[in-house]
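Please open the model in your viewer and keep the sequence panel beside it. The tour below moves from one selection to the next and says what is found at each stop.

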Amino acid sequence: MDLLKMHKRRSRISEVAYIALNIALAVVVYTIISTSQSPWLAILVVLLSKWRVFAVRPRFWFANLVANMVDIIVGVSIVVLLTSAQGYMAAQIIITLLYIGWLLFIKPRSRRSYVAFQAAVAVFVGITALSIVSYAWDPFFFVAAIWVIGYAAARHVIGSYEEPHITLYSLITAFVFAEIGWIGFHWLMAYPIPNSGSIQFSQLALFTTLLCFIAERAYGSYHRHGSVRRADILPAVILTGSIMLTVYVFALFFGADAL
């Protein structure tokens, strides 16, 4: 009985420590951005928070890095968003609270639906952050970054299934992302967000995330039934088409700024 009580006490202490450390990570990142106005130290803190990736034998480093890539993408993107919201404390606080929500309530989940949502968040915030900082980049680097986001997100989702061809499917998805990124780089549209500094709502991020939603529904249907059933993907297709049409109508009547 004493051992059982001790185990429960240690579990509670570990849980409290986990919550405290994750909140501290988000607060430290916010503090660095708001005081130093430089993202590099904040990015270093985010990367150092993944020290457990390298707390194994070197031959496992790459596999661990790939497994944690979605979280790294979200963390680095949060740094970019916080930097872009300089001078707007309310926006920075909201972004920090969202990052805490990611660390405490979304990232630790392992159910397949949460895994898909994690990948969607990485795609959306990753491409949004990339769109903000890449307006002066060479297209090669923009496409390469999109490729990495696509590979990480696809592997994250497909890894939740018993899929023997996970690397092949992830590479195919990454190349599709690269194609979308190449097109999006030349027609990159965004919508200003009031009181948020230079943060803009990226059309490319929205459309890519919606297309990923359709792909995830299609793969899930194929995995369950051996074929893609119309009933499984039709709601996602209708939702995606409706949102895309609404965005274009909005842009037609109210205009949009190019990043």
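## First stop: a residue of helix α1

Select Tyr 18, which is partly exposed, with a relative accessible area of 33%. Keep in mind from the start that this is a predicted model. Tyr 18 belongs to helix α1, which covers residues 2-36. Now add Ile 19, Ile 23 and Val 27 to the selection, and with Tyr 18 they make up a nonpolar patch on the surface whose accessible area comes to about 280 Å² together.

## Into the core

From the surface, turn to the interior and select Tyr 99, Trp 102 and Ile 127, the residues that touch the most other members of the largest nonpolar core, which has 52 residues. To see where this core draws its residues from, colour helices α1, α2 (39-48), α4 (69-84), α5 (89-106), α6 (112-133), α7 (139-158), α8 (166-186) and α9 (203-225), since these are the elements that give two or more residues to it. Among them, α4 gives the most, with nine residues.

Which residues is Tyr 99 in contact with, leaving aside its neighbours within four places in sequence? Show Leu 25, Ala 26, Val 46, Gly 75 and Ile 78 around Tyr 99, and you have the contacts of that kind. A second, separate core has six residues, and Tyr 191, Phe 207, Leu 210 and Val 247 are included in it.

## The salt bridges

The structure holds four salt bridges, and three of them are visited here in turn. Begin with Asp 71 and Lys 50, whose closest N and O atoms are 2.8 Å apart in a salt bridge. This pair links distant parts of the chain, with Asp 71 in helix α4 and Lys 50 in the loop between α2 and α3 (61-67), 21 residues apart. Are these two partners buried or exposed? Asp 71 counts as buried because its relative accessible area of 10% is under the 20% limit, and Lys 50 is likewise buried, with a relative accessible area of 11%.

Next select Arg 217 and Glu 216, which form a salt bridge with their closest N and O atoms 2.8 Å apart. Here Arg 217 is partly exposed at 30% relative accessibility, whereas Glu 216 is buried, with a relative accessible area of 13%.

Move on to Arg 224 and Asp 232, where a salt bridge has its closest N and O atoms 3.7 Å apart. Arg 224 is partly exposed at 48% relative accessibility, and Asp 232 is also partly exposed, with a relative accessible area of 23%. Before leaving the charged residues, select Lys 50, Asp 71 and Lys 107, which are joined into one network by salt bridges that share partners.

## A serine in strand β2

Now select Ser 202, which is found in strand β2 (residues 200-202). At 1% relative accessibility, Ser 202 counts as buried, and it is worth displaying its side chain together with what surrounds it. The side chain of Ser 202 is joined to the side chain of Ser 131 by a polar contact of 3.2 Å. A polar atom of the Ser 202 side chain also lies 3.2 Å from the backbone nitrogen of Ala 205. If residues up to four places away in sequence are not counted, Ser 202 touches Ile 127, Thr 128, Ser 131, Leu 188, Met 189 and Ala 190. Ile 127 was also shown in the core, as one of the residues there that touch the most other members.

## Leu 65 in helix α3

Go to Leu 65, a residue of helix α3 that is partly exposed, with a relative accessible area of 29%. Not counting residues up to four places away in sequence, Leu 65 touches Val 53 and Ile 72. How many ångströms separate the C-alpha atoms of Leu 65 and Gly 150? A distance drawn between these two atoms comes to 15 Å, while the two residues are 85 residues apart along the chain.

## Last stop: Asn 195

Finish in the loop between β1 (189-192) and β2, where Asn 195 lies. The phi angle of Asn 195 is near 55°, a positive value in a residue other than glycine. Asn 195 counts as exposed because its relative accessibility of 62% is over the 50% limit.

Key. Residues are numbered from 1 along each chain as its sequence is written. This is a predicted model: local features need pLDDT of at least 70, side-chain atom pairs count only at pLDDT 80 or more; totals for chains, interfaces and linings use all residues. Side-chain values use heavy atoms; hydrogens and water are left out. Patches are made of residues with over 30% relative accessible area and no salt bridge: like charges are joined within 9 Å, nonpolar side chains (Val, Leu, Ile, Met, Phe, Trp, Tyr) within 5 Å. Accessible areas come from the Shrake-Rupley method with a 1.4 Å probe; for residues, only the protein chains shown count as cover. A salt bridge is a side-chain nitrogen of Lys or Arg within 4 Å of a carboxyl oxygen of Asp or Glu. Helices (H or I, at least four residues) and strands (E, at least two) are DSSP runs, numbered from the N terminus. Buried means under 20% relative accessible area, exposed over 50%, partly exposed in between (1.4 Å probe, protein chains only). A nonpolar core is a set of buried Ala, Val, Leu, Ile, Met, Phe, Trp, Tyr and Cys residues joined through side-chain atoms within 4.5 Å. Contact means heavy atoms within 4.5 Å. A polar contact is a pair of N or O atoms within 3.5 Å; within protein, one must be able to donate a hydrogen and the other to accept it, and residues adjacent in sequence count only if both atoms are side-chain atoms.
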